[in-house]
There are 2 protein chains.
Amino acid sequence: MTVAPALTERSTRAAEIVSVGRRILEEEGADALTMRRLAAAVGMQAPSLYKHFGTKRAVEAALIEHGLLELGTALHTAVSGGARRGGGPVRRLLTAYRAAALANPALYRLATAGPLPREDLAPGLEDWAGEPFFLATGDPSRAQALFAFAHGMVVLELDDRFMPGSDLRPAWEAGTRVFA
Amino acid sequence: MTVAPALTERSTRAAEIVSVGRRILEEEGADALTMRRLAAAVGMQAPSLYKHFGTKRAVEAALIEHGLLELGTALHTAVSGGARRGGGPVRRLLTAYRAAALANPALYRLATAGPLPREDLAPGLEDWAGEPFFLATGDPSRAQALFAFAHGMVVLELDDRFMPGSDLRPAWEAGTRVFA
DNA sequence: TGAACGAAGCTAACACAGTTAGCCGACGTC
DNA sequence: GACGTCGGCTAACTGTGTTAGCTTCGTTCA
């Protein structure tokens, strides 16, 4: 369970579409990820996209795979990185989680908010990406609670839901202390 | 700060629109809350809605006010409800939070996910609704962390993001113990 | 009493979203 | 050489939020 699952295989053209889609997502935000916009960026007309992906959700599912893979990679290395790095596993996990999420906000939201198209995802990927929470806590329920805290912090920060201008490091610190 | 702020005043027609909108939201979900659908339900054409609300976001802001008011009310009574009820303030707060959120999932999401149109909200409402987290913890950073945990749990549960079929009570219990 | 005016409805229309139908050229295979 | 699939195209449909412009009704004011 410690090696990342392989992503769904795609033709080179499909892979190119996903890659361009990701660039749009990061550079222009989720609203810009439109079938027409995506098609134009890859050099075709919108309906032609449907020769490669059955629906927009399927394109998003491919992007979600990349998001989960990167997030999972960051969390696994953080948790398994031994005593060399500072703090216990919970602290390292939370630090890595926040950094990975804020590095690609749009991809993070796509991958973690809204319903998950599990049938379009590489098998085992979701479990693998979430495994570090169990590794850091040693208990399924605590893992879920810790995941909820981390996701809540990130999503509330991205949505600017905390009091405007408040420094969030103490809140992360409070959560870290409480869960460690 | 302990009495709920007054909501934005509205004409009777505008109030009716909001009330109908809320019914649609709860009975048919967020996707069904369409300007045409809403207008039809209230007995008019879609463009006529713009005589009462400048934009769909404004209608949603009115609904958000109701959501924040109800959520805040539930949290305040939970926190201020003395030793009569079981557990400490954190436990009572989290229990009330989950119950209020799951009672009206669509309204909860509208009120807590995505960017908040603060300029369209009754002044003080947001602060007041979030105050119970401070009252239960006595510390701003712990309050933010606890809020993040609660919101994360609810939103992940609503999005069915936990392993399918998992009982979430232990996770809530773990969070409760950790923050109490 | 009548003129003026604002509030609140209407229809028509626009731009843009995802998506479908149907056509067509290039390519590989029997 | 025929055939079929792959991957592109255009045209078009439905549904979204929203705007422009017209009308109608009730109120107000000279």
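The lining of the largest pocket in this predicted model comprises 18 nonpolar, five polar and 12 charged residues, where Ala, Val, Leu, Ile, Met, Phe, Trp, Tyr, Cys and Pro count as nonpolar, Asp, Glu, Lys and Arg as charged, and the others, Gly among them, as polar. The volume of this pocket is about 1,200 Å³. Of its 35 lining residues, A:Ala113, A:Gly114, B:Arg109, B:Ala113 and B:Gly114 are the closest to the centre. Two or more residues each come from α3 (56-80), α5 (105-112) and α7 (140-158) of chain A and from α4, α6 (105-112) and α8 (140-158) of chain B. Helices are DSSP runs (H or I, at least four residues) numbered from the N terminus. On a 1 Å grid over the protein atoms alone, a pocket is an open set of points with protein on both sides within 12 Å along at least five of seven lines, a cavity is a set where a 1.4 Å probe fits but cannot get out, and lining residues have an atom within 4 Å of a point. Grid points are joined across faces, edges and corners, and a volume is the space filled by probe spheres set on the points.

One cavity of 30 Å³ or more is present, and the largest cavity holds about 30 Å³ of space. B:Leu33, B:Thr34, B:Met35, B:Leu38, B:Lys56, B:Val59 and B:Glu60 line this cavity. In chain B, α2 (35-42) and α4 (56-80) each supply at least two of these residues, with α4(B) giving the most, three.

Two residues of the cavity lining, B:Met35 and B:Lys56, also approach DNA strand D through backbone N or O atoms, B:Met35 at 3.0 Å from a phosphate oxygen and B:Lys56 at 2.8 Å from a phosphate oxygen. A side-chain N or O atom of A:His52 lies 2.4 Å from a phosphate oxygen of the strand. DNA strand D is surrounded by 16 residues (a heavy atom within 4 Å), the closest being A:Gln45, A:His52, B:Arg36, B:Thr55 and B:Lys56. Sugar or phosphate accounts for 46% of the strand atoms within 4 Å of the protein, and bases for the rest.

The contact between the chains (heavy atoms within 4.5 Å) takes 36 residues from chain A and 36 residues from chain B. In chain A, the greatest losses of area to chain B fall on A:Gln144, A:Arg161 and A:Val178, together 23% of what that side buries.

Residues are numbered from 1 along each chain as its sequence is written, and chains are lettered from A and ligands numbered from 1 in the order in which they are written. Local features need pLDDT of at least 70 and side-chain atom pairs count only at pLDDT 80 or more, whereas totals for chains, interfaces and linings use all residues, and side-chain values use heavy atoms, with hydrogens and water left out.

Key:
A polar contact is a pair of N or O atoms within 3.5 Å; within protein, one must be able to donate a hydrogen and the other to accept it, and residues adjacent in sequence count only if both atoms are side-chain atoms. Buried area is the accessible area (1.4 Å probe) that two parts lose on being put together, summed over both.
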